Amino acid sequence: MNNIIEWLKDNGDLKIIDTPLDIELEIPHVAYIEVKKDNSRPILFTKPIYRAKNIEYDTPVLMNIFANKEITRKIFGKEPDLIGAQIDELMKFKPPRGFLEKIKALPKLAKLRHVFPKRINGKGECQEVVLKGSEVDLDKLPILKTWEEDGGRFITMGQVYTQSLDGKVQNVGMYRLQQLDNNKLAMHWQIHKDGQDFFSEYKKAGKKMPVSIGIGGDPLYIWCGQAPMPHGMFEVLLYGLIREQNAKLVKSITNDIYVPSDVDFVIEGFVDPQHFAPEGPFGDHTGYYTLVEDFPVMEVTAITHKNNPVFAATVVGKPPLEDKYFGWATERIFLPLLKPLAPDLIDYNMPENGVFHNLILAKMHKKYPGHAKQFMHAFWGVGQMSFVKHAIFVKEDAPALEEFEALTEYILNRVSKDNIFISEGVVDHLDHSSPEQFVGGKLGVDATGEIVDKKVDILSDNELLEKIKNIDNNVVALKQYFTNTANPITVIAVDKTRSQLELFKDLQNLSKHIAILVVVDRCNNDLENPYMLIWRVVNNIDSNRDVILEPFIGIDGTNKSKEYDNFNREWPKDANCTKEVLDRLQELKVIDIDKEFIRKFGLLDYCLYNNN
């Protein structure tokens with residue numbers, strides 16, 4: 001893909017916006033709205049400006065590259081499941097012994113010749129323009145500020161290339177980077193990332209760590225940056241496997257890191273193990289702001305780029321987002337790598353409204369009692385799967401994992417308190433609901449058993465709400481789901497004035513009408529919108545604190561506080577759009593949305609239910 005813009009015009013129905021728009025809030029808001037549409041398209045902003053500093057950029061901003069499944073398939077050049085099958089075949093490949101076996105193996109061996117990147121001499125396309133020393137100025141790049149309360153401007157689609165202290169192991173990861181000034185970036189690599197492991201090596205040795213950040217180029221480089229490869233394997237190997245051509249790497253100008261020769265920009269520099277700075281807040285892919293925390297600082301020594309570069313960026317926040325589509329590709333491609341750890345795994349799915357690490361659905365061949373729990377331990381003990389908070393397992397006769405309504409019915413007909421497993425383990429760096437950072441509850445549901453008996457007497461929503469309000473008038477709304485199943489779900493909205501665990505106790509006399517009770521705050525939740533309710537609840541719960549199993553299954557999905565929940569960490573805000581920016585974009589006719597769209601995806605704060 002030598003020219004991504006022309007490729008997207010031909011293959012991706014590229015939307016071009018020539019209206020001058022600000023890199024602070026305006027451009028990200030447009031992309032955020034676009035990616036939530038059913039017919040989402042990639043967008044090229046040809047006239048980015050930085051209104052606060054009176055800068056007009058010559059470099060266009062490209063967003064929403066992975067706009068939908070069809071364009072994602074085209075980027076990969078084949079169905080992701082076929083790539084997964086290819087990986088599976090390679091994993092099972094055995095060296096040929098006899099002459100005939102060697103002849104038969106030639107096609108497979110020929111494909112492998114493309115896997116390994118080639119280091120080329122001289123400069124690459126990404127180094128047609130070289131800026132060093134005093135010429136370095138990050139303000140010259142259209143780096144975006146997405147949310148009003150973000151701590152600054154962030155590079156959101158950077159390919160961060162690093163190597164181990166001895167230079168033997170290379171890595172590329174996708175980490176957000178906050179611009180601190182004209183030549184410094186805060187490097188947000190999390191505790192479980194390879195970049196962080198390398199950083200620890202350099203810190204122990206007392207040496208500065210070389211880092212180069214690629215921006216743009218072939219979109220497959222972007223995907224490689226977030227691919228969950230086994231530790232120590234260079235993600236760019238996947239580029240060669242998928243493209244069936246060697247990635248061409250060139251040496252950075254001011255450090256020894258090699259980067260793809262055809263990316264649009266390279267930001268080079270060194271991270272000083274002794275230099276940390278506050279990073280954040282940042283409205284992240286969880287849909288919440290991550291709070292201020294100290295991270296290492298990268299001093300930029302050079303910026304290089306093509307003669308006519310394009311600045312690639314993404315927007316994160318509440319789902320659905322662009323990562324829905326390259327996350328889908330990752331699921332399909334990496335299924336074969338999970339199967340050796342869990343040989344009876346058939347398939348898995350990480351719904352985007354579960355923010356991937358908050359919820360996983362898995363289908364398996366069940367062979368014996370406790371088999372699903374064995375799977376839970378396997379998942380929670382390996383790689384990035386260890387950060388998954390909630391896992392639900394079904395057996396082979398369940399509906400397809402993307403048939404969410406039918407699958408939910410299947411699960412609810414097999415749930416009981418006896419097949420819910422609650423444990424504790426590592427949680428994602430960005431998880432905000434655990435009492436202690438990095439450590440929190442794990443919840444597993446074994447829905448591989450037989451159908452259970454229905455034990456609840458269903459009332460109408462109004463009848464049940466009235467009974468609950470007679471016990472606690474702070475309950476302001478109620479909606480029941482899947483009343484035809486053995487375990488209907490009752491969702492209530494509350495005006496929270498106490499711990500909801502106390503409410504569960506008070507409602508025990510209504511247990512004959514309630515199988516599963518989910519509680520959310522009355523503001524910023526719509527009980528008619530299950531997609532966003534799932535997003536809210538799996539974000540907000542720690543299973544060791546917020547789940548009860550008697551006299552019904554109770555789930556407290558409310559925001560937590562020290563006052564009511566003895567929660568001693570700061571609870572973050574929702575990452576919301578800015579109303580004035582939405583109004584301005586409407587006036588400029590670059591977006592066209594209504595109040596229903598705004599509420600459906602939680603773009604702004606709202607309160608549907610009053611406590612009368």
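This is a short tour of one protein model, stop by stop, with something to select at each stop. Keep in mind that the model is predicted.

**Stop 1: a helix tucked inside**

Start by selecting residues 26-34, which make up helix α2. Is this helix buried or exposed? Of its 9 residues, 9 are buried, so α2 is largely enclosed by the rest of the structure. Colour them if you like: the buried set is Glu 26, Ile 27, Pro 28, His 29, Val 30, Ala 31, Tyr 32, Ile 33 and Glu 34.

Now add helix α17, residues 579-587, to your selection. The axes of α2 and α17 come within 10 Å, and they cross at roughly 80 degrees. Angles from 65 to 115 degrees count as roughly perpendicular, and α2 and α17 are therefore roughly perpendicular to each other. Which residues make the contact? On the α2 side, show Glu 26, His 29, Val 30 and Ile 33. On the α17 side, show Val 581, Leu 582, Arg 584 and Leu 585. Sorted by type, the residues of this contact come out as 5 nonpolar, 1 polar and 2 charged.

Take a look at the numbering while you're here. An α-helix has 3.6 residues a turn, so residues three or four places apart point the same way. Compare that with the α2 contact residues His 29, Val 30 and Ile 33.

**Stop 2: the second largest pocket**

Next, select Leu 359, Ile 392, Thr 408, Ile 489 and Ile 534. Of the 43 residues that line the second largest pocket, these are the closest to its centre. The pocket has a volume of about 1,300 Å³.

Which parts of the chain build the lining? Several elements each supply at least two residues. Among them are the helices α9 (323-338), α11 (404-412) and α14 (530-540). Strands that do so include β24 (390-395), β26 (439-447), β28 (489-494), β29 (516-521) and β31 (553-556). Colour the lining by residue type and you should get 32 nonpolar, 5 polar and 6 charged.

**Stop 3: the largest cavity**

Keep α14 on screen and move on to the cavities. A search of the whole structure finds 6 cavities of 30 Å³ or more. The largest cavity has a volume of about 110 Å³. To find it, select Asn 524, Met 532, Trp 535, Arg 536 and Tyr 606, which lie nearest its centre among the 15 residues that line it.

Which helix gives the largest share of this lining? That's α14, with 4 residues. Helix α18 (595-600) is there too: α14 and α18 each supply at least two lining residues. By type, the lining of the largest cavity splits into 5 nonpolar, 4 polar and 6 charged.

**Stop 4: two cis peptide bonds**

Now zoom in on the backbone. Select Gly 280 and Pro 281: a cis peptide bond joins them, with omega about -5 degrees. Pro 281 sits in the loop between β17 (265-279) and β18 (282-283).

For the other one, go to Pro 319 and Pro 320. The peptide bond from Pro 319 to Pro 320 is cis, with omega near -5 degrees. You'll find Pro 320 in the loop between β21 (311-313) and α9, and α9 is a helix you met at the second largest pocket.

**Stop 5: positive phi without glycine**

Click on Phe 438 next. Phe 438 isn't a glycine, yet its phi is positive, about 80 degrees. Its place is the loop between β25 (420-426) and β26. Phe 438 counts as partly exposed, at 21% relative accessibility.

Then jump to Asn 566, in the loop between α16 (562-565) and α17. Asn 566 isn't a glycine either, and its phi is positive at about 55 degrees. Is Asn 566 buried or exposed? With 57% relative accessibility, Asn 566 counts as exposed.

**Stop 6: far in sequence, together in space**

Finish with two pairs. Select Met 233, in the loop between α7 (219-226) and α8 (236-243), along with Val 169. The two are 64 residues apart in sequence, but their C-alpha atoms are 7.4 Å apart in space. Met 233 is partly exposed, with a relative accessible area of 37%.

The last pair is Ala 378 and Leu 338. They're 40 residues apart in sequence and 9.5 Å apart in space, C-alpha to C-alpha. Ala 378 belongs to helix α10 (residues 371-379), and it's partly exposed, at 23% relative accessible area.

Note on methods: Residues are numbered from 1 along each chain as its sequence is written. This is a predicted model: local features need pLDDT of at least 70, side-chain atom pairs count only at pLDDT 80 or more; totals for chains, interfaces and linings use all residues. Side-chain values use heavy atoms; hydrogens and water are left out. Buried means under 20% relative accessible area, exposed over 50%, partly exposed in between (1.4 Å probe, protein chains only). Axes are lines fitted to C-alpha atoms, for helices over the stretch in contact, and angles run from 0 to 180 degrees between N-to-C directions. Angles under 35 degrees count as roughly parallel, over 145 as roughly antiparallel, 65 to 115 as roughly perpendicular and the rest as oblique. Contact means heavy atoms within 4.5 Å. Ala, Val, Leu, Ile, Met, Phe, Trp, Tyr, Cys and Pro count as nonpolar, Asp, Glu, Lys and Arg as charged, and the others, Gly among them, as polar. On a 1 Å grid over the protein atoms alone, a cavity is a set of points where a 1.4 Å probe fits but cannot get out, and a pocket is an open set with protein on both sides within 12 Å along at least five of seven lines; lining residues have an atom within 4 Å of a point. Grid points are joined across faces, edges and corners, and a volume is the space filled by probe spheres set on the points.
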